[in-house]
Amino acid sequence: MLGTHDLLLFILSGLLLNITPGADSLYIVARSVSQGWRAGMVAAFGISLGCYVHIFAAAIGLSAVLATSASAFTVVKLVGAVYLLYVGISLVRSSPPTSHSQVTVALTSLRTVFWQGFLTNILNPKVALFFLAFVPQFIDPSAPNKALAFIFLGAIFNFTGTVWCLFSCLVCSTFKPTSSSQSPRF
């Protein structure tokens, strides 16, 4: 479909990657716990918009290279696979934190929460590397429009990620301290 293959595998792999905690997840959790589900939801939407920046940037830049050379496409896929393997091994080898630290998050307007979520995502180089490494694995090398296939897969990944983030903010907001003041406005 649209020059892609193994769509179900892509969706399942993407879901597994989405539920793996990272900077975006921590930001959503911190906002949800400190300011409630609205702030968590706004943070999730900011992160989602930032993810589209990565999708379109990678689709435009990567498709130009991939359209010119089948061997370049193969190299990108192999480098991406090696990178993902490296990330997986690094996660397995990393030791769990030994102490629990308390994170304090200042009460912030929802507009600021949105833009902080957006910046958290677009300034994270791991997100850009992820799109360059992961998505090409599911694009057919003979696809007539690789950029469209990339955007299609990126949109699916971003949709499932946003749903996961919204679920996370709803769950985490139940742990909101009762002493907090009312939710901020835009």
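Me: Contact here means heavy atoms within 4.5 Å. Leaving aside its neighbours within four places in sequence, which residues is Leu-153 in contact with?

Reply: First, some ground rules: this is a predicted model, where local features need pLDDT of at least 70, side-chain atom pairs count only at pLDDT 80 or more, and totals for chains, interfaces and linings use all residues. Residues are numbered from 1 along each chain as its sequence is written, while side-chain values use heavy atoms, with hydrogens and water left out. With neighbours up to four places off set aside, the contacts of Leu-153 are Thr-4, Leu-7, Phe-10, Val-135, Phe-138 and Ile-139.

Me: What's the overall make-up, and in what order do the elements run?

Reply: Helices (H or I, at least four residues) and strands (E, at least two) are DSSP runs, numbered from the N terminus. By that count there are 7 helices and 0 strands. So reading from the N terminus, the order is α-α-α-α-α-α-α.

Me: How much of the chain is buried?

Reply: Buried means under 20% relative accessible area, exposed means over 50%, and partly exposed is in between (1.4 Å probe, protein chains only). The chain has 186 residues, and the buried share is 40%.

Me: Which element gives the largest share of the largest nonpolar core?

Reply: A nonpolar core is a set of buried Ala, Val, Leu, Ile, Met, Phe, Trp, Tyr and Cys residues joined through side-chain atoms within 4.5 Å. The largest one has 19 residues, and those with the most contacts inside it include Phe-10, Phe-131, Phe-150 and Leu-153. Helices α3 (37-68), α6 (125-134) and α7 (146-173) each give two or more residues to this core. With 6 residues, the largest share comes from α7.

Me: And how many residues are in the second, separate core?

Reply: In soluble globular proteins, nonpolar side chains tend to be buried together. Here the second core, separate from the other one, includes Ile-28, Ala-44, Leu-110 and Cys-165. Its size in residues is 12.

Me: How are the rings of Phe-131 and Phe-157 arranged?

Reply: Rings of Phe, Tyr and Trp (its six-membered ring) pair if their centres lie within 6.5 Å; planes under 30 degrees apart count as stacked, over 60 as edge-to-face and the rest as tilted. The structure holds 11 such pairs. In this one, the centres are 5.7 Å apart and the planes sit at 90°, so the arrangement is edge-to-face.

Me: How many residues apart are those two in the chain?

Reply: Phe-131 is in α6 and Phe-157 is in α7, so the pair links distant parts of the chain. Phe-131 counts as buried because its relative accessibility is 0%, and Phe-157 counts as buried at 9%. Their separation in residues is 26.

Me: How are the rings of Trp-164 and Phe-167 arranged?

Reply: Their centres are 5.5 Å apart and their planes are at 40°, so the pair counts as tilted. These residues are 3 apart in helix α7, about one helical turn. Trp-164 is partly exposed at 28% relative accessibility, and so is Phe-167 at 47%. To end on the label itself: tilted.

Me: Which residues form one aromatic cluster?

Reply: Phe-131 and Phe-157, the edge-to-face pair, both belong to it. The full cluster is Phe-10, Phe-130, Phe-131, Phe-134, Phe-138 and Phe-157.

Me: How many disulfides are there?

Reply: A disulfide is a pair of cysteine sulfur atoms within 2.5 Å. By this rule the count is 0. For Cys-51, the nearest cysteine sulfur is that of Cys-165, 9.0 Å away. For Cys-172 it's that of Cys-169, 8.1 Å away, so neither Cys-51 nor Cys-172 is in a disulfide, and the count stays at 0.

Me: Within what arc do the buried residues of α5 fall?

Reply: The expected span of a helix is 1.5 Å times one less than its number of residues, and the 13 residues of α5 (residues 110-122) should span 18 Å, which agrees with end C-alpha atoms 18 Å apart. The buried residues of α5 are Leu-110, Val-113, Phe-114, Gly-117, Phe-118 and Asn-121. They line one face of the helix, because the arc (that of the directions from the helix axis to the C-beta atoms) is 135°.

Me: Which residue has a positive phi although it is not a glycine?

Reply: Look in the segment before α1 (7-19). The residue there is partly exposed, with 47% relative accessibility. Its phi is about 55°, and its name is Asp-6.
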